[in-house]
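Colleague: Could you put the model up and walk me through how the chains meet?

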2 protein chains.
Amino acid sequence: VIGWSARGGGLRRESRPSPRAGGGEALLRTRLSGICGTDLEILRGYLAFGGILGHEFVAEVVDCPERPELEGRRAVGEINAGCGTCSHCRGGDPRHCPGRSVLGILGRDGCHAESFLLPAVNLIPLPDGLDDESAVFAEPVAAALEVLEQLPGLAGEEVLVLGDGRLGRVLARVLRQAGVAVSLLGREREGDPRPAGAGVELLTDPEATRERFRVAVEATGRPEGFVAALDALRPRGTLVLKSTYEGGAPLPMARVVVDEIRVLGSRCGRMEPAVEALAEGRIAVRDLIDAVHPLEEAPAAFERAARPGTFKVLLRP
Amino acid sequence: VIGWSARGGGLRRESRPSPRAGGGEALLRTRLSGICGTDLEILRGYLAFGGILGHEFVAEVVDCPERPELEGRRAVGEINAGCGTCSHCRGGDPRHCPGRSVLGILGRDGCHAESFLLPAVNLIPLPDGLDDESAVFAEPVAAALEVLEQLPGLAGEEVLVLGDGRLGRVLARVLRQAGVAVSLLGREREGDPRPAGAGVELLTDPEATRERFRVAVEATGRPEGFVAALDALRPRGTLVLKSTYEGGAPLPMARVVVDEIRVLGSRCGRMEPAVEALAEGRIAVRDLIDAVHPLEEAPAAFERAARPGTFKVLLRP
């Protein structure tokens, strides 16, 4: 099977023997995969991951001995594969298992490929009414929903989302549908008619955010976003950190102490509620797709995804 | 009056007209002042503060038109002087007032001087049974108690305090008396018989802390302490940040995101409970005093306070 890795530096075409189901692993045939900011960071050297890239997908279950009822069905999946025996895994949450592998990120080939493996327990079958182009957003939507799980009671609160890229837009829409009063701090985008999302206030001047918010969600992917979030927060505010900066970044942590800011690291969320929210149409995402490229044209797709102002680029085998 | 500032770089002797009470300000005659890590950081350029240094004190109230009953009494004081009209001040907490001045730190001369001013509302009179040498620790004890206010329900929990200097030792003792199972990560101190504190486990090997704790309190004053705290925490753990690093520090914030760590900035605490805890003998601190220098010998005192292994150096006018 054909897939794309970051082995040795740039994007690299790999040709491998087809993986085989068994030992808890299901064989999946990729229908659609999404290029994420993390993929681009790995290409820049983050995490030194040399396997096949990709962790956002919709796939057909081809071979699944443990859950044969899924065979032939479309599915998305939890991307963290736990050891199954530690306290996190026993508690039903492999996302923090210390021995975990992560699809296309850590110790496990990803989904920018014709087919790939994932533990059968990780699969979530899709309802028939949910189209591939929406379902492929399940992972970022789950990551956005995680903020609501970490901060219950956000409804009615004014929240600033920093960064109007891929993740920032999804975050703004997910928070908005939960009743949060969302402002999105982004750039002027001339000629781009795509709205921030129904009911989301789009701000382009950081000065307009100064000390206005009790909660800010940092999704710019740049250390400058951390500083802008501190500027926007009131003392004792909460900074939800979604961006993983490549390497160490110099940050004004003294301000975190002096203003007694709470910084909450926030990563993956649970997939089931994300699939539900997409299936029920509570979160619309299809307008965020800029392009769908054939898997064979991954270099052009990655180049497009890395261009400023691009939201989501998909690959189809 | 004589006092010591960091104006122009190093420690500098200042001679000023005596300040006068009025407009809400009380005149205080210093009995004892403590040299804090923040004083040393200001000397290194942090905050660019050019006034008289010092914010830990025991003083005699000399002139206090607003609270004449305090005149002649010994007092300590809340070091943040608020505007009195913002929402923080109206809520009884000037510590986060955006227009605040802070004794010896921000826009207000401090207590490493023969006398100084502080708003009358900030003063807390001392009970007769509490000696000066204990009471001068009220500010760092309050800063340590703030952790318990931010994280109620810590009793019974295992907590790692990083840094066995001035603040780390006080933190360990304050948390211990609240029923927390405290481990203190510090250096080997040959020939220093002072214990970490009754019931506090003293660790010197960071390896022994790895992923062992749900809560870690960073009080080393060095960015390396932040990394060591991350190493010691389990996923979804809480890192209480007490250290204010000079300037920006490169920190591995990606780990905060991936492990969904909560970072809690923690600064000043309320003084009243600190005075109470010291007066009731719940927290013993006098053994942390390394030296008491005359105010005139401040340079020698600061030099001593900056020496590794020193806990607390006091100045007496």
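**Strands, symmetry and cysteines**

Modeller: Strand S16 (residues 262–265) of chain A pairs with strand S16 (residues 262–265) of chain B, antiparallel, over three bridges. Pairing here asks for at least two DSSP bridges between the strands; strands are DSSP runs of E with at least two residues, numbered from the N terminus. This is a predicted model, where local features need pLDDT of at least 70, side-chain atom pairs count only at pLDDT 80 or more, and totals for chains, interfaces and linings use all residues. Residues are numbered from 1 along each chain as its sequence is written, chains are lettered from A and ligands numbered from 1 in the order in which they are written, and side-chain values use heavy atoms, without hydrogens and water.

Colleague: Which residue in S16(B) stands opposite A:Leu264?

Modeller: A:Leu264 sits in strand S16 of chain A. Among its contacts (heavy atoms within 4.5 Å), not counting residues up to four places away in sequence, are A:Leu241 and B:Ile261. Across in S16(B), its opposite number is B:Arg262.

Colleague: And is A:Leu264 buried or exposed?

Modeller: Buried means under 20% relative accessible area, exposed over 50% and partly exposed in between, with a 1.4 Å probe and protein chains only. A:Leu264 has 7%, so it counts as buried.

Colleague: What is the bridge partner of B:Leu241 in S16(B)?

Modeller: Strand S14 (residues 233–241) of chain B runs parallel to S16(B), and four bridges join them. In S16(B), B:Leu241 is partnered by B:Gly265.

Colleague: What rotation superposes chain B on chain A?

Modeller: The fit is least squares on C-alpha atoms of residues with pLDDT of at least 70 in both copies. Chain B lands on chain A with an RMSD of 0.0 Å and 0.0 Å of shift along the axis, after a rotation of 180°. That is how a two-fold axis relates its copies. The same surface serves both, as 97% of the contact residues of chain B recur in chain A, and the rotation asked for is 180°.

Colleague: Which residue of chain B comes closest to the rotation axis?

Modeller: Going by C-alpha, the distance to look for is 2.0 Å. The residue of chain B at that spot is B:Pro250.

Colleague: Why is there no bond between the sulfurs of B:Cys36 and B:Cys268?

Modeller: A disulfide needs two cysteine sulfur atoms within 2.5 Å, and the count over all chains is zero. B:Cys36 is buried, at 14% relative accessible area. Its closest cysteine sulfur, in B:Cys268, is too far for a bond, at 9.4 Å.
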